[in-house]
Amino acid sequence: MLETSYIDSITKTEPQSLEDLLELLKAYLPDKDLKLVAKAYEFSERAHTGQVRRSGEAYIFHPLGVAAILADLRLDVSTIATGLLHDTVEDTSVTLEDVEKDFGPVVAQLVDGVTKISKMSFRNTHEKQGENIRKMIVAMGKDVRVILVKLADRLHNMRTLGHMPPDKQLRIAEETLDIYAPLASRLGISSMKVELEDLSFRFSQPESYYALAQKVAGNRREREKYIEDVIRLLYQELGKRSKISFDVSGRPKHLHSIHRKMLASNVDYEQVYDVLAFRVCVSTIPECYEILGHVHSLWKPIPGRFKDFIAMPKANNYQSLHTTVIGPNAERIEIQIRTHEMHLVAERGIAAHWAYKEGAEASGPNKEVADKFNWLRDLVAMHQQTNSSDEFLENVKSDLFDSEIYVFTPKGEVKEFPEGATPLDFAYSIHTDVGNHTVAARVNGRLVPLKHRLVNGDTVEVITSKTQQPSKDWLKICVTTRAKSKIRAHVKAEQRKRALEVGKELLEKSFRKNGTSLQKHLQGPLFDKLLKDHGCNSAEDVFVLVGYGTLTPQQILQVLVPGIKPESQGSGSEEASFLQRAFKAVVDRKKKSSSLITVDGMDDMLVRFARCCNPIPGDPVVGFITRGRGIAIHRADCDKAFELDQDRRIDVEWNSQQKGEASRMVRVRVVSQDIAGLLRNMTEVFSSSGINIHNAQVKTTRDGKAISVFDVSIRDTIQLNQVISSLMKIKGVIGVTRVTPTT
Ligand code: MN
């Protein structure tokens with residue numbers, strides 16, 4: 001078949017029976033493990049009896065296929081058994097307890113993890129997607145094998161996707177491209193990544209896929225001959241030049257990567273260079289560099305295309321030398337040089353570290369390997385700190401998809417970051433304390449500000465100060481999950497601390513004014529009731545609520561000191577009432593508006609809407625950090641916004657979750673003929689849309705026209721536009737405009 005012949009470099013083993021699977025496993029598992037696999041197979045076959053797949057074949061072929069994919073990765077017996085059992089709990093009457101009884105707690109936990117992930121659907125709403133990836137990451141954080149089984153499950157489903165209806169094909173293919181292929185890539189399992197990408201490409205964009213497949217097939221004979229020629233030349237010429245023993249292989253890159261290249265540089269297939277990649281495998285690292293030297297003396301390398309992933313491995317542990325040279329017939333070809341061991345890791349990624357080792361129980365990655373997959377741990381930590389799924393998703397995405405840069409510590413140690421990383425990301429990668437106190441950095445000896453973007457090869461030295469404190473603005477500067485979660489944690493703790501201090505002070509003053517002491521009332525049944533009523537665990541929680549203005553000192557006095565008539569607010573000390581007013585103002589404003597806007601996924605910021613342009617939900621907006629008055633929100637096209645200090649400009653977004661729950665005041669001006677009854681028609685447009693009119697004024701002009709001005713509550717631009725077009729339809733109306741004070 002045309003399309004599958006290009007998905008090479010993949011071991012495709014479709015076992016037809018338990019015996020086929022055992023044959024694969026015999027190569028690396030001992031006999032006692034094979035017995036367990038046979039037991040799992042029989043258990044699964046019994047459970048799935050009577051079930052058929054869409055293709056019409058018995059269900060058991062699916063778990064069998066999944067187990068074979070896991071066997072290709074040479075995974076341990078628990079993982080293979082999980083592959084066989086992975087759908088039993090979800091799809092049959094089997095319970096988790098049954099699995100645990102027969103196969104022990106490890107397999108039961110793995111099956112449970114896979115079942116949980118299978119219940120997630122990743123493509124409903126944006127919010128849900130974040131929430132689901134979040135759960136998936138947590139499942140993965142506990143045991144990576146869960147994700148390996150899930151990836152194998154998805155791969156097998158993708159191979160048999162042709163039996164699904166087209167709308168399902170599209171949804172599953174897109175989900176695979178969005179989530180599973182990047183995950184496989186991040187886990188370093190390139191064999192899976194390549195196959196998942198090409199299968200997704202085929203089902204999500206069939207037209208582009210087949211057009212490209214045809215083009216690639218068009219010059220296939222020619223190209224195969226060329227590949228053979230290059231391989232022969234490499235054997236011949238490298239053999240002449242060195243005594244090293246090596247293997248050479250060559251292949252076209254997979255279709256999805258060619259497609260991506262065409263899109264990225266906006267060219268046709270004919271203009272995509274280096275679609276062919278050749279691989280030379282040797283035994284040792286020095287041999288890699290020696291071969292590289294010979295390749296470069298044989299064919300001219302293209303400047304800037306040499307990458308040393310041996311000295312600087314990718315985050316997913318991938319190691320290899322890459323160079324692009326001008327080969328025979330002046331064609332560009334990519335040549336990868338690596339050791340056999342590196343090749344194994346490249347194909348199997350993290351799975352290579354789980355693989356069964358002769359004579360030792362496979363017990364998961366050792367510490368050294370685990371360290372290289374640190375990002376996993378960071379993601380789990382991140383999950384525990386964030387409440388917002390959007391925020392989490394953003395971070396997961398940047399961790400999964402961004403390409404990497406490599407920078408050096410002053411001691412020459414290499415650190416790897418996503419593109420766009422700044423000295424702050426670097427500082428937090430060293431230690432939270434270093435990050436929290438960073439004021440600037442020296443990059444290659446030159447002093448740079450915190451927002452400086454690091455590039456490949458920079459040497460970075462952090463400058464700290466004891467008095468420095470992280471701020472929310474820093475979240476805009478950082479790109480790594482680690483830095484962002486540390487900053488967020490610090491900012492949240494600081495805010496709470498400030499609210500707590502203010503709240504406690506307000507309460508103490510209020511109690512003193514009423515002739516008693518706060519301290520005396522912080523225990524006993526009344527106090528316990530107060531805690532319970534407001535969901536607090538401690539007096540500190542209460543202080544925080546008072547600090548934020550959620551509770552007033554008067555309310556608390558009345559609960560804790562029954563019978564007391566609290567002194568009125570006005571008689572409180574100047575300072576206390578000032579603080580109180582300040583906080584009340586903050587809270588009021590928060591209730592009204594700030595939750596309408598999110599900054600970086602946060603919606604708890606102090607926000608005010610600029611009067612000059614009076615933005616409403618749906619308007620493109622920008623934010624400006626003010627001195628002590630939170631963030632001012634302007635319409636993106638507001639003249640005033642261009643005059644403000646652009647360094648203080650930040651990206652803000654309308655909070656999609658607040659839609660329809662809040663409204664903003666808008667002034668609408670209608671110019672019309674001065675006809676009786678028009679005003680009533682106009683007010684009817686508002687009231688039939690459920691819009692409150694707060695104020696209306698009508699003026700008539702000497703030339704027989706009426707100018708009506710309405711101040712109305714509007715939900716968003718959609719509602720506003722609907723109203724404007726309804727007003728325009730009224731006979732006699734000449735023009736309707738949204739008015740801002742400056743227009
Ligand atoms: Mn399945």
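**Exercise 1. Surface and burial**

State the accessible surface of the chain and the share of it that belongs to carbon and sulfur atoms.

Solution. The structure is a predicted model. The accessible surface of the chain comes to about 36500 Å². Carbon and sulfur atoms account for 50% of that surface. Burial is counted by residue: of the 743 residues, 50% count as buried. For the fold, the chain has 30 helices and 21 strands. Among contacts between residues at least 6 apart in sequence, 66% join residues at least 24 apart.

**Exercise 2. The manganese site**

Identify the protein donors of the manganese ion and give their spacing along the chain.

Solution. Step one is to list the donor atoms: NE2 of His62, NE2 of His86, and OD atoms of Asp87 and Asp153. These lie 2.2 to 2.3 Å from the ion. Step two is to place them in sequence, where the donors follow the pattern H-x23-H-D-x65-D. Step three concerns burial: both His86 and Asp87 are buried.

**Exercise 3. Nonpolar cores**

Find which residues have the most contacts inside the largest nonpolar core, and which helix gives the most to this core.

Solution. The largest nonpolar core has 62 residues. Those with the most contacts inside it are Leu21, Leu25, Val99, Leu151 and Met192. Helix H8, residues 144-159, gives the most to this core, with nine residues. Apart from it lies another core of 36 residues, among them Leu212, Leu321, Ile335 and Ile337.

Next, take Met192 and leave aside its neighbours within four places in sequence. Met192 is then in contact with Ile69, Leu73, Leu148, Leu151, Ala152, Leu155 and Ala184.

**Exercise 4. Two covered helices**

Compare the span of helix H10 with the expected value, then determine how many of its residues are buried.

Solution. H10 covers residues 190-204, which is 15 residues. From its first C-alpha to its last it reaches 20 Å, close to the 21 Å expected at 1.5 Å a residue. Of its 15 residues, 14 are buried.

Helix H4, residues 77-85, can be treated likewise: nine of its nine residues are buried. Among them are Val77, Ile80, Leu84 and Leu85, and also Ser78 and Thr79. The buried residues of H4 pack against helices H1, H2, H3, H5, H6 and H8.

**Exercise 5. Glu100**

Decide whether Glu100 is buried, partly exposed or exposed.

Solution. Glu100 is in helix H6. Buried requires under 20% relative accessible area and exposed requires over 50%. Glu100 has 41% relative accessibility, so it counts as partly exposed. Leaving aside neighbours within four places in sequence, Glu100 is in contact with Pro105 and Ala108. Its C-alpha atom is separated by 9.5 Å from that of Val111, 11 residues apart along the chain.

**Exercise 6. Strand E20 and its partners**

Describe how strands E18 and E19 pair with E20, and name the residues that stand opposite Asp711.

Solution. Strand E20 comprises residues 705-714, and eight of its 10 residues are buried. E18, residues 664-673, runs antiparallel to E20, and 10 bridges join the two. E19, residues 693-700, also pairs with E20 in the antiparallel sense, over seven bridges. At Asp711, Arg667 stands opposite, and Asn695 stands opposite Asp711 as well. The connection between E19 and E20 is a hairpin with four residues between them. In that turn, Gly704 has a positive phi of about 80°.

Terms used:
Residues are numbered from 1 along each chain as its sequence is written. This is a predicted model: local features need pLDDT of at least 70, side-chain atom pairs count only at pLDDT 80 or more; totals for chains, interfaces and linings use all residues. Side-chain values use heavy atoms; hydrogens and water are left out. Donors are N, O and S atoms within 2.8 Å of the metal (3.2 Å for Na, K and Ca); water is not among the atoms, so sites may look incomplete. Buried means under 20% relative accessible area, exposed over 50%, partly exposed in between (1.4 Å probe, protein chains only). A nonpolar core is a set of buried Ala, Val, Leu, Ile, Met, Phe, Trp, Tyr and Cys residues joined through side-chain atoms within 4.5 Å. Contact means heavy atoms within 4.5 Å. Accessible areas come from the Shrake-Rupley method with a 1.4 Å probe; for residues, only the protein chains shown count as cover. The expected span of a helix is 1.5 Å times one less than its number of residues. Two strands pair if DSSP finds at least two bridges between them.
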